Amino acid sequence: MDYFRAVYVADERSPRALALTAEALQFNSGNYTVWHFRRLILESLKIDLHSELGFVERMAAGNSKNYQMWHHRRWVAEKLGPEARNIELDFTKKILSIDAKHYHAWSHRQWVLQALGGWENELNYCTELLEVDIFNNSAWNQRYFVITRSPFLGGLKAMRESEVLYTIEAIEGYPENESSWRYLRGLYKGETASWVNDPQVSSVCLKILRTKTNYVFALSTILDLICSGYQPMEDIRDAIVALKTTDMDKQNNDDDEIGDQQNLNIARSICSILEQVDPIRINYWIWRKSRLLPST
Amino acid sequence: MGELATEKHVQYILSVEKRKDSFESVVMEHLRMNGAYWGLTALYLLGKLDTVDVDEVVSWLMSCLHESGGFGGNVGHDPHILYTLSAVQVLALFDKLDVIDVDKVTNYPFRVLSMFSYIAICCLSILHRLDKIDVEKAVKYILSCKNMDGGFGCTPGGESHAGQIFCCVGALAITGSLDLVDKDLLGWWLCERQVKSGGLNGRPEKLPDVCYSWWVLSSLTMIDRVHWISKEKLIKFILDCQDTENGGISDRPDDAVDVFHTFFGVAGLSLLEYPGLKPIDPAYALPVDVINRIFFTK
């Protein structure tokens, strides 16, 4: 470290100084002063930046979670331009194969796609990762990133039909998966009416409710739907009533009631069930219930 | 339920500040400034800031100040906006902001990026110089990081992450722009972060960690939705992460303690109104007394 300080103070931009920065970084990869000085040397000596990518990769093998290293990596990739595209996609893929939720690696990958391209295979890559772990929220986020931003897929609306099918299958497999439910909602971003009126949404909810297990997100989705104007059919109402326990107020769901009053009661029942099955968030569900208006 | 081992934590923090030759302090050398902020703010909340030699801290801190107006992470290190904020926060704790030339410090280039914009906005606001940056532009950038789940990522399209949410919501709170947040949707996402053990995670399906007791809780507090989680269960989780023998708080029960998690644990308990702790401001991450002194007495 003392040798490094000496060349740093003297601003010595030599191969020897470059080697010293490597040594200093192996000792502490979080020292941004050393990274910064290393870039000055790389520029002054006009070093081949491909070899620098190798250096960063070796550093990442030790500790891949510091901002300086990723900042440095982007600096190098930016200088290399499109020729770095595949190297960078492979590099992040390698890191994500070890930690599939690595925030820095995902950020870098999103930057590469937007700055250098390489979108063609990204949706498949997301599918691969979700096959390994369907609960991987980072992969769901990347999927959303791809379908909304890839220049080759035509945008959210064009992708909706196939993505809804994909997501519903994922939900049916693991209905307790927060990520897939949020993704489904995101597919109708800015188009609440399409969401409310798409029978695929209410029928996946119904299917889950009828299994009587892991139905928290199905119930909360129905609640959101009702709050956006959805009128639940009889089969949904029956499935909800079937989830109520004896100590819940049965008289809430009187089939003689019609329209608004009936919707309100169903929504209230949903909140009561959620208060019981998701007790850690009981105050949230109580608040949701308090917000239900007769016009709901 | 156990109790907060206040005295042990005070001893632990003081011992870390002094232990300059340990491995931890060598690795952390470059971010000693952050360590000072975490340790000293925790001491303040525990009501024990008077155990620290103010002049010693201030003189060390001033030796980290550069010509450019920015602070380094330690003596002899390059300046960085993150350490500049920590330095300003520490000076605010001691009511010593008058030792710096505010105009010079605020001339340090503050970049606009989601995490950095919080740092810049927080720092400049404490120094009464928010006019130095284009706040409207910063707010616009932050909003571009908002996701369909109500959360925020570090760049547009980046995954929602509780740490980033704190930065974005904090910056919006300080600039008076919280009306631009979908509080109900974000609040639901945040309260979904509480897992069965009572702890909070930073993203779906990740392990709970004491540091999210700060990132999630402060965000929930800023949007008035903190009652949506179970306070009792979270308090128990944090207390379970204490080293009751040697002091300090860890990320999860039975892990090794460090100053970072000790601060976030104490700060989280402060937001949860744990008895005996001074209240902390959720946006500035400084004691409420200090914030009141900065904004209401000058």
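Leaving aside its neighbours within four places in sequence, which residues is A:Gln68 in contact with? Keep that question in mind while you set up the view, because the tour reaches A:Gln68 at its second stop.

**Before you start**

This is a predicted model, in which local features need pLDDT of at least 70 and side-chain atom pairs count only at pLDDT 80 or more, while totals for chains, interfaces and linings use all residues. Residues are numbered from 1 along each chain as its sequence is written, chains are lettered from A and ligands numbered from 1 in the order in which they are written, and side-chain values use heavy atoms, with hydrogens and water left out.

**Stop 1: A:Ser29**

Select A:Ser29 in chain A, and you will find it in the loop between α2 (15-27) and α3 (32-45); helices here are DSSP runs of H or I with at least four residues, strands are runs of E with at least two, and both are numbered from the N terminus. A:Ser29 is buried, with a relative accessible area of 13%, where buried means under 20%, exposed over 50% and partly exposed in between, using a 1.4 Å probe and protein chains only. Now show the side chain of A:Asn66, which makes a polar contact of 3.2 Å with the side chain of A:Ser29. A polar contact is a pair of N or O atoms within 3.5 Å; within protein, one must be able to donate a hydrogen and the other to accept it, and residues adjacent in sequence count only if both atoms are side-chain atoms. Beyond four places in sequence, the contacts of A:Ser29 include A:Trp35, A:Met59 and A:Gln68, a contact being heavy atoms within 4.5 Å.

**Stop 2: A:Gln68**

Move on to A:Gln68, which lies in helix α5 (residues 67-80) of chain A and is buried, with a relative accessible area of 18%. Here is the reply to the opening question: leaving aside neighbours within four places in sequence, A:Gln68 is in contact with A:Ser29, A:Gly30, A:Tyr32 and A:Trp35. If you draw a distance from A:Gln68 to A:Trp35, C-alpha to C-alpha, you should read 6.9 Å, although 33 residues separate them in sequence.

**Stop 3: the whole of chain B**

Colour chain B by its elements, and 14 helices and zero strands will appear. Its radius of gyration, taken over C-alpha atoms, is 18 Å, which agrees with the value near 19 Å for a compact globule of 298 residues; that rule is 2.2 Å times the number of residues to the power 0.38. Along the principal axes, the C-alpha atoms of chain B fill a box of roughly 50 × 50 × 35 Å, and 61% of the 298 residues count as buried. Among contacts between residues at least 6 apart in sequence, 67% join residues at least 24 apart.

**Stop 4: B:Ser160**

Select B:Ser160 in the loop between α8 (135-144) and α9 (162-174) of chain B. B:Ser160 is buried, with a relative accessible area of 1%, and its side chain makes two polar contacts to display, one of 2.9 Å with the side chain of B:Asn147 and one of 2.7 Å with the side chain of B:Asp149. Among the other residues in contact with B:Ser160 are B:Trp189 and B:Arg203.

**Stop 5: helices α10 and α12 of chain B**

From B:Trp189, widen the selection to helix α10 (residues 183-191), where the buried residues include B:Leu186, B:Trp188 and B:Trp189. Show both chains here, since what covers the buried residues of α10(B) includes α11 (178-186), α14 (216-227) and α17 (282-290) of chain A together with α9 and α11 of chain B. Then turn to helix α12 (residues 231-240) of chain B, where B:Leu234, B:Ile235, B:Phe237, B:Ile238 and B:Leu239 are buried; these pack against α11 (212-222) and α13 (259-271) of chain B.

**Stop 6: B:Trp215**

In helix α11 of chain B, pick B:Trp215, which is buried with a relative accessible area of 17%. Its contacts beyond four places in sequence are B:Ala162, B:Gly163, B:Phe166 and B:Phe264.

**Stop 7: two loop residues**

Finish with B:Asp224, in the loop between α11 and α12 of chain B, and with B:Glu273, in the loop between α13 and α14 (288-296). B:Asp224 has a positive phi near 60 degrees in a residue other than glycine, and B:Glu273, which is not a glycine either, has a positive phi of about 60 degrees. Are these residues buried or exposed? B:Asp224 is exposed, with a relative accessible area of 52%, and B:Glu273 is exposed, with a relative accessible area of 62%.
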